[in-house]
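Trainee: Could you walk me through this one before I go back to the bench?
Mentor: Gladly; let us look at it together and take one topic at a time.

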Amino acid sequence: MYVAVKGGEKAIENAHAWLAEERRGSTDVAELSLAQIREQLSLAVNRVMAEGSLFDPDLAALAIKQARGDLIEAIFLIRAYRTTLPRFGYSEPVETGEMACDRRISATFKDAPGGQVLGPTFDYTHRLLDFKLAADGGVPAAPEGAALEERTPHITGFLKGEDIIQDEAASDTTPGDLTREPMEFPANRPLRLQSLTRGDEGFVLGMAYSTQRGYARNHAFVGELRIGKVAVEMEIPELGFAIEIGEVDLTECETVNQFKGSKTEPPQFSRGYGLVFGQSERKSIAMALVDRALRWEELGEDNLGAPAQDEEFVLSHSDNIQATGFLEHIKLPHYVDFQSELELVRKLRREAEERITPKEAAE
Amino acid sequence: MTDQTEFATAARKEWMGLLARAPEDAVMELWDMVPDHPAFDWLRSPEIGGVMVRGRTGGTGAPFNLGEMTVTRCSVVLKDGTVGHGYVQGRSKPKAQAAALLDAMMQTSAAGRIRAKVIDPLKQQISATKTTRAAKAAATKVEFFTMVRGED
């Protein structure tokens with residue numbers, strides 16, 4: 001238990017002043033601007049937006065600067081900020097089929113209609129340090145092709161006709177919102193997805209990897225991965241119709257997984273789904289794998305006792321702000337707690353000694 | 001609802017969406033070049049808030065809450081009683097104010113002028129940015145070939 005302490009104001013003030021100085025680093029080096037962070041560390045910005053659960057690149061850049069690049073600290077700042085915002089409402093579900101794709105690939109369908117578009121990817125780089133970046137240097141403009149005008153449809157849509165893949169039937173059910181009501185178990189799929197999309201990338205990655213290594217293996221292929229911009233629409237009460245209120249960058253991953261079929265259903269592929277703010281490819285694939293693992297019951301699979309199948313385990317430990325809050329609080333003063341434990345151990349030792357000493361004396 | 005009203009609604013949705021998505025700098029630059037900023041009263045002064053963005057499971061299924069985005073809104077009324085609403089992405093109060101005034105002006109006789117000076121140029125800018133990205137994406141389109149393994 002944490003018992004409040006007082007005192008130390010001066011030391012705390014001085015510690016924070018030193019923190020500010022250390023954050024700035026050597027004044028011989030130019031200070032980072034928020035625009036530099038937003039433009040040049042954009043994947044860090046994306047992670048902070050995804051796990052902070054607030055799409056605002058400038059705010060995420062500010063949080064990264066304030067947190068000295070500690071992304072979990074930055075996510076904490078964003079989460080704290082978002083609780084101060086009045087909630088204007090809920091958007092219409094975004095239409096990812098209408099995405100303006102920067103990247104769109106499929107590991108399963110070579111001839112996907114609309115084509116395989118690599119986009120600005122680290123894939124196929126050699127992962128060798130590029131020392132040219134250590135020196136200042138201009139970048140040549142990226143080559144341009146003939147821009148496609150038509151929309152890029154979802155690949156799974158093409159399989160639907162054959163009924164060979166599970167359908168995701170549209171509904172207008174209002175989903176639960178874990179920013180409004182605390183999570184309760186069993187959770188449903190919409191709540192699981194909300195929790196996973198803001199979950200810690202490392203944790204979700206580890207859980208997903210465990211399914212690939214055999215802990216509730218579900219044989220996932222990336223049916224489609226797409227990254228790009230999607231318009232966000234919201235119904236405006238004073239207007240009486242929906243308008244676009246902005247656009248967000250999203251990464252969407254649909255996995256195609258094994259499904260044995262049952263007495264009532266023919267063999268059919270099942271699906272996992274990942275949707276994350278920003279260009280967040282690793283997180284989105286991991287989310288889809290974990291989503292699929294958590295669907296075991298609905299798909300009539302066995303509970304193998306694997307961690308990734310345990311909804312309560314996964315969802316209770318995926319949030320890095322909850323986790324870091326509880327973990328780091330143990331470094332704060334626990335003097336009263338510890339004092340009582342200290343006394344208890346001393347007493348136990350005294351009793352033990354008293355038991356031993358008379359025996360030795362008798363020998 | 002008459003066709004005329006539907007047409008007007010579609011047009012209004014378009015310019016409001018454009019003003020919501022357009023970068024702040026672009027909107028403010030064009031707005032500052034409009035010579036006659038009208039007098040107005042606030043119906044609702046600018047307010048920064050969040051909107052919970054929703055997705056669908058599997059892209060097409062049941063809705064779920066994805067995360068929030070920042071939005072700034074305000075409402076104005078011109079001296080002739082025309083009401084304008086600004087709902088813009090981000091946290092810029094000046095941009096929300098400009099969007100609300102432009103929304104109001106687009107419903108008055110100034111519409112043609114505002115369309116030519118602000119709405120159309122914004123539309124072109126956004127469209128050009130989008131086309132450039134699409135062109136870069138198109139240059140990274142690949143054809144994968146499955147290699148035939150020698151079985152004999």
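**Chain contacts and helix packing**

Mentor: In this model, 65 residues of chain A are in contact with 51 residues of chain B, where contact means that the C-beta atoms of two residues, placed from the backbone, lie within 7 Å. The model is predicted, so local features need pLDDT of at least 70 and side-chain atom pairs count only at pLDDT 80 or more, while totals for chains, interfaces and linings use all residues. Residues are numbered from 1 along each chain as its sequence is written, and chains are lettered from A and ligands numbered from 1 in the order in which they are written.

Trainee: Which element gives the largest share of the side of chain A that touches chain B?
Mentor: That is strand 6 of chain A, with nine residues; strands here are DSSP runs of E with at least two residues, helices are runs of H or I with at least four, and both are numbered from the N terminus.

Trainee: And how do the residues on that side of chain A divide by class?
Mentor: There are 33 nonpolar, 15 polar and 17 charged residues on the side of chain A that touches chain B, counting Ala, Val, Leu, Ile, Met, Phe, Trp, Tyr, Cys and Pro as nonpolar, Asp, Glu, Lys and Arg as charged, and the others, Gly among them, as polar.

Trainee: What joins strand 1 of chain A to strand 2 of chain B?
Mentor: Two bridges join them, and the strands run parallel; pairing requires that DSSP finds at least two bridges between two strands. Leu54(A) stands opposite Glu68(B) in strand 2 of chain B.

Trainee: Switching to helices, at what angle do helix 2 and helix 4 of chain B pack?
Mentor: Helix 2 (residues 24-32) and helix 4 (residues 111-138) of chain B pack at about 150°, with their axes 9 Å apart; the axes are lines fitted to C-alpha atoms over the stretch in contact, and angles run from 0 to 180 degrees between N-to-C directions.

Trainee: So how are those two oriented to each other?
Mentor: Helix 2 of chain B and helix 4 of chain B are therefore roughly antiparallel, since angles under 35 degrees count as roughly parallel, over 145 as roughly antiparallel, 65 to 115 as roughly perpendicular and the rest as oblique. Among the residues making the contact are Leu30(B) and Trp31(B) of helix 2 of chain B and Leu122(B) of helix 4 of chain B.

Trainee: What about helix 3 and helix 5 of chain A?
Mentor: Their angle is about 50° and their axes are 9 Å apart, and helix 3 of chain A and helix 5 of chain A are therefore oblique to each other.
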